[in-house]
Each structure stands twice: as structure tokens, then as C-alpha cells.
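User: I am beginning to study protein structure and would like a close look at a single part of this model. Please examine one place where two helices meet, and then set it in the context of the rest of the chain.

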Amino acid sequence: MGTIYESILNEYADSIDITERLKSQISDELTTEEKFSLLLEIQILNFYFKEGDLCQDYISDFSPEEWKYISFRSNQNVTPFLKARYSHLLYKHTKHTTQGSLTRELYGELCESYLINQPDDNSFAIFCQCLECYLVISIKTNIKIAEAKTQVIKYIYDGRIPFSWKDHLIELLLRNPKFKKTDILGLTAFMLSFHPEDIGSISITERYLENCLKLGQREGVDINRIYVLLAENSVKHAEARASDKTGIIRVHALSQALNYFRLAKEKIKENEVSLKLVEQKKKIGLPIISVESTAEEAQTMINEMDSLISFLFSQDRITVLNYLVENKNLFKSERDLEKDAKKAMLGSFYGFINVQVYDINNNAKTLTTEDEKIAHLKNQNYSIQLQTVQYFLDRLFYTGFHTGKLMAADIIQFLNQNWFIVKLSDLKDKQSDKTFSWIELIGPGIIHLLTQLEQSFLDKLFKPDFVLSIDSLSLKIEGIVRDLARLSGLAVTKMGKHGAEEMNLDDLLRDEAIVKLFYPEDIYLWKFLLTPTGWNLRNNAAHSFLRPKHYSKSKAILILLAIFRLCKYGYIVT
């Protein structure tokens, strides 16, 4: 090994910029042997830690000559980091237990070396990665697994490691099924003994407490206190973002706080946050275009939408998706729509003539009464607003897919972390152990829809097909609404001509008790999309009235929005 870059390797081997430092040493002045070793060291250090393994972004293997070099270097007097790196690569190559045992020991020693002399954040980060390698290799080689588990627990209790980094060790523990309840007794209480200044920012505290929650669930202890701490942290988050002009982050934070207080059964706090949330939601919203908007006003509103999309993507993915779930002001309220319709009727000839409307099969219906005409005008106005919302969602998904900030997989993961995964009892089966989750029923349609949507945005030549997803999801929303009503203890049957029968979606969304469970803007969206109030997609799909031209991207996106709006009602289930 030449002396030109030996000092760089010894001093900066574990630095983020090590490969750039080494690349700066490449020159024509190097001998063939020096260039060979330098380029190989760069390739070796291009590997990165991932879940206790060493990975690279491209598929390649070392030649016999290169493996010989790595073996030679592993026996030289090099830094502990380099020695562990060479040994780990050799273990991946040979799969020999002896090499794995050596690598395990090297990582164990390396972990301890990073806790000497007031380590900084970079040292703690590498320490956590090396500890995971130590644990994973112990398990893979079946060597002293109990000792490795004990060592992880000891480090969690170790006073040299700040609570903000103990959090990463808890994540390591939670990822590994080898840790049983008996291994972690008392650990949740210890992790909750932190002081706020021990953690740092509000967002880091949130992640810390979420891991404490998972830990408490695995340990089987009372987790109500953790829910309260999460709720209080979310309230702090909302208060800290007073300068946020859109208010989106505050709504998201207060929504989280409300949910956590509900889970903690803190009714007084829940009511306090609920009132704050209601007020906050009045302050934000998507610019709304109505039939009265001029072209100039419409363009201004579109520009505002694009600005909103830019802001949303400056936040995290959860904030973007929760905007679609929570925001009340994506649409005008039904009350305002009716007010606008009545205003349009005044002094208009529309009120003095009979109006004919046509359904999807061109069957005519004559509107004669004022109420019928107002309902028709209301729907026309709402249809224009839906075009605005569809444009907004189209731009949002286009931006997300093209920037990589919001991909189909992210949306699927979001839904998989929602209440849709909760197991519900099947009332049609008398065996109490028969359960299902709604994600099992809507998952295939969601995956198909998002796959088609993502591909259509990324490939201009791709022609999406939304037949399967629209047919499936337009029928499932009725069942979800029915189950939410049932789980709230409300009746979901009615007396028909031949006795008791299940309410359909139109019945459910007209029932006075059931509609109180949901936000009015959500109810009207579902009504308009899926019932005779508007497009009647549920009935038209069920009876095969839809033709290929009806299975449009805009309808698919709005069906997806209708699913998103159901996400916020998980408290009914949990």
C-alpha cells in the first residue's frame, strides 16, 4: 500500500466523504499497483451499512486478485473500522462461520471504541450501525446470540449514550424478533425517564415516543402515558408553527394530538384540542373555483394551487397525504353550494322553465320543482369544483412521482399504516375467530389504481386502464361506511318490502344518526361520486352501465380521494 493515501484511509475511513477524498488522489503519477489498490479501496468503502449488512448500489463482485488483496489487508495493522470492513466483506464472500465469528468480535470491539472521548453524532451513528452488524452476524452464525442481545440491552442502559441515540437502539431491538418480552422487561419505563432537553427537537421527540409506544406494546405494559406524551408533543408542534401561513402543519399536528388523546381516553384534553382543530381548519383550504369565477380569477387560483403544492412537498410525505385526508376546505360546503344555487335562481329564467337532465343511459328526467332545479344547480357547481380538485390532485401526483417525493409505494405504505389494517369480526360467519381487514378488500384496487396512475405520469406513451380499480373501489366504499356505522353501534338495516335488509350507500348517507359520524364535506363527496345525487358510479359500475370512456384518470383520482377521506375515522374502529 502506498503512503500517499494511507494516511487518508487511517484518518477518514469512517467519514462520509472518504471516497471523494480518495478519488482526489487518483493521478497518472501512481504506479499500476498503487492505482489498483486505490481504486479497490474506493470500491470497498462505497459499501454502506443497511440492516446489519454491507450493501452497494450496483451489482458486482470482486475478482480473485481483488479478494486476495482484501484478505491481505485484513491481516495488516489497519484501523479497527477498516479491519471490520475487510473482514465483513470476506464473511459475505466465504459464508464461513469462522470468518463470521471474527467479524462479530471486530464489530463488538469497534462499538466500544466509538464511545471513548466524548463521541459526536457521527460517532454515535456509526456505533449504532456497527452494533446492528454485531447483532445480525451473531444471529446468522448462531454464535453467542444471547450475549449479543444482552449487549444491546446494556448499551440502551449505558449512560454514555444520550437518550436521543438510545432511540436508534430501540429501533434495532424492535426490528429484531429475537428479542422477546422477557428480554425487555422494565425497558419502557426506563426509556420514559428522559427529560425533554435530552431528546432535542419536537420531530425527534415524536419519533422517540413512537418507538417507546411500540416497545411498550411489545413489553405489554400500560401505554396510556405514552399516548398522552405523544399528544402533548403534537400540541407543541402546532404551537411552534405559528408562522406557517397555510396552517397545514398545525392541522396535521392537532389531528395527531386529537387522536392520541382519544386513545389515552383523556376526554377533557380531547375536547380542548378538537375545538382548536375546528378553528384551525377554517383558516386553510384549497382555492375554490365556482361557476361565477372569471378566467382571470380561475388562473390566479390555479397559480395558488401550484404554490400550495410546492409548499406541501417542502414538508414530509405524511403531511402531504394528511392534507388530502384532513383538509375540510378542498370543497365548498353543501350549505354554501345550496346558497349559491338559490342565488343563481333569483331573477333567472331557469326558475320559469322545465329542465330536462339525462342519466348515463340517456334516459331523460324533467325537473319541474324549485327544489329539483336548485339541487341540479348545486351539482353543476360542485362538478366544476371537482374539476378544480382533480386538477390539483393531478398536479400533486405528477410532482410527487416525477420528483420521487411521493411514489405509489409511499401511498400504499401510508394506507397500510391506517385503520384499514385492523382486523374486524365477520358478522356473516358465526365463528368468532373469523376476521378480515378492509385493506384486504381495497388493497388490490388501490395497488392497481396507483400503478396505472404512476406509470401514466412517468411514461407519456403509456395508456392507463382504470376499469378494474374504479369498478372495485366504487363498490367497496359503501361497505366501509356501513362497517364504521355498525362499529359505532348504529343500525345499518332497514325494513324493506320483504323484511329487514341492509341499507345501501344512499340510505346510509341520508340516515340522521349515521351522517353525524362523518364530516359534511366527506359525505357530499361520497354522495356525488357514488349515489344518484351525482355521478352514481357505484350503481353504474355494478350494473355495467359504464363504458371505456367513463373510466377516466380524473374519476380514478377522485375515487382515491374518497378512500383517503375515510382514513381519518380510525378512532371509530380503535
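Analyst: What follows describes one pair of helices and then the wider protein.

The model is a predicted one. The part chosen is the meeting of helix α19, which covers residues 370-403, with helix α25, which covers residues 520-530. The axes of these two helices come within 12 Å and cross at roughly 100°. Because of that crossing angle, α19 counts as roughly perpendicular to α25.

Which residues of the two helices meet? On the side of α19 they are Lys378, Asn379, Tyr382, Ser383 and Leu386. On the side of α25 they are Glu521, Tyr524, Leu525, Phe528 and Leu529. Sorted by character, the residues of this contact comprise six nonpolar, two polar and two charged.

Lys378 deserves separate attention. Besides its place in the contact with α25, Lys378 forms a salt bridge with Glu338, at 3.7 Å from N to O. Glu338 belongs to helix α18 (residues 334-345) and Lys378 to helix α19, so this pair ties together parts that are 40 residues apart in sequence. Are the two partners buried or exposed? Lys378 is buried, because its relative accessible area is 9% and the cut-off for that class is under 20%. Glu338, in contrast, has a relative accessible area of 30% and is therefore partly exposed. As a general point, side chains of opposite charge can pair when their charged atoms come close.

Other salt bridges may be set beside this one. The count for the model comes to 30 salt bridges. One of them joins Arg160 to Asp158, with the closest N and O atoms 2.8 Å apart. Here Asp158 is the buried partner, at 16% relative accessible area, while Arg160 is partly exposed at 36%. Another links Lys494 with Glu501, whose closest N and O atoms are 3.9 Å apart. In that pair Lys494 is partly exposed, at 30%, and Glu501 is partly exposed, at 35%. Salt bridges can also share partners, and in this way Glu478, Arg482, Glu502 and Arg538 are joined into one network.

The nonpolar side chains form a further part of the picture. In soluble globular proteins, nonpolar side chains tend to be buried together. The largest nonpolar core of this model has 87 residues. Within this core, the residues with the most contacts are Leu22, Tyr107, Phe127, Leu131 and Leu173. Helix α7 (residues 121-141) supplies the largest share of the core, namely ten residues. A second core, separate from this one, has 79 residues, and Phe401, Phe457, Ala485 and Ala556 are among them. Phe401 falls within the span of α19, residues 370-403.

Tyr107 illustrates the contacts of one core residue. When residues up to four places away in sequence are not counted, Tyr107 touches Phe49, Leu54, Ala84, His88, Cys130, Cys133, Tyr134 and Ile137.

A residue in a loop may also be buried. Ser437 is placed in the loop between β6 (435-436) and α21 (438-458), yet its relative accessibility is 3%, so it counts as buried. Apart from neighbours within four places in sequence, Ser437 is in contact with Phe420, Ile421, Val422 and Lys423.

Two other loop residues offer a contrast. Lys95 lies in the loop between α5 (80-94) and α6 (97-113), and its relative accessibility of 61% is the reason why it counts as exposed. Ser544 lies in the loop between α26 (537-542) and α27 (553-566) and counts as exposed at 52%. Lys95 has a positive phi of about 60°, although it is not a glycine. Ser544 also has a positive phi, near 60°, and is likewise a residue other than glycine. In general, most residues other than glycine have a negative phi.

Finally, the helix pair may be placed within the whole. The protein contains 28 helices and eight strands. Its C-alpha atoms fill a box of roughly 95 × 55 × 50 Å along the principal axes. Of its 574 residues, 49% count as buried. Among contacts in the protein with a separation of 6 or more, 64% involve residues 24 or more positions apart.

Technical notes. Residues numbered from 1 in each chain as written. Predicted model: local features only at pLDDT ≥ 70, side-chain atom pairs only at ≥ 80, totals over all residues. Heavy atoms only, no water. Core = buried A, V, L, I, M, F, W, Y, C linked by side-chain atoms within 4.5 Å. Buried < 20%, exposed > 50% of the residue type's maximum accessible area, 1.4 Å probe, protein only. Helix = DSSP H or I, 4+ residues; strand = E, 2+ residues; numbered from the N terminus. Contact = heavy atoms within 4.5 Å. Axes fitted to C-alpha atoms, helices over the stretch in contact; angles between N-to-C directions. Parallel < 35°, antiparallel > 145°, perpendicular 65-115°, else oblique. Nonpolar A, V, L, I, M, F, W, Y, C, P; charged D, E, K, R; others polar. Salt bridge = Lys/Arg side-chain N within 4 Å of Asp/Glu carboxyl O.
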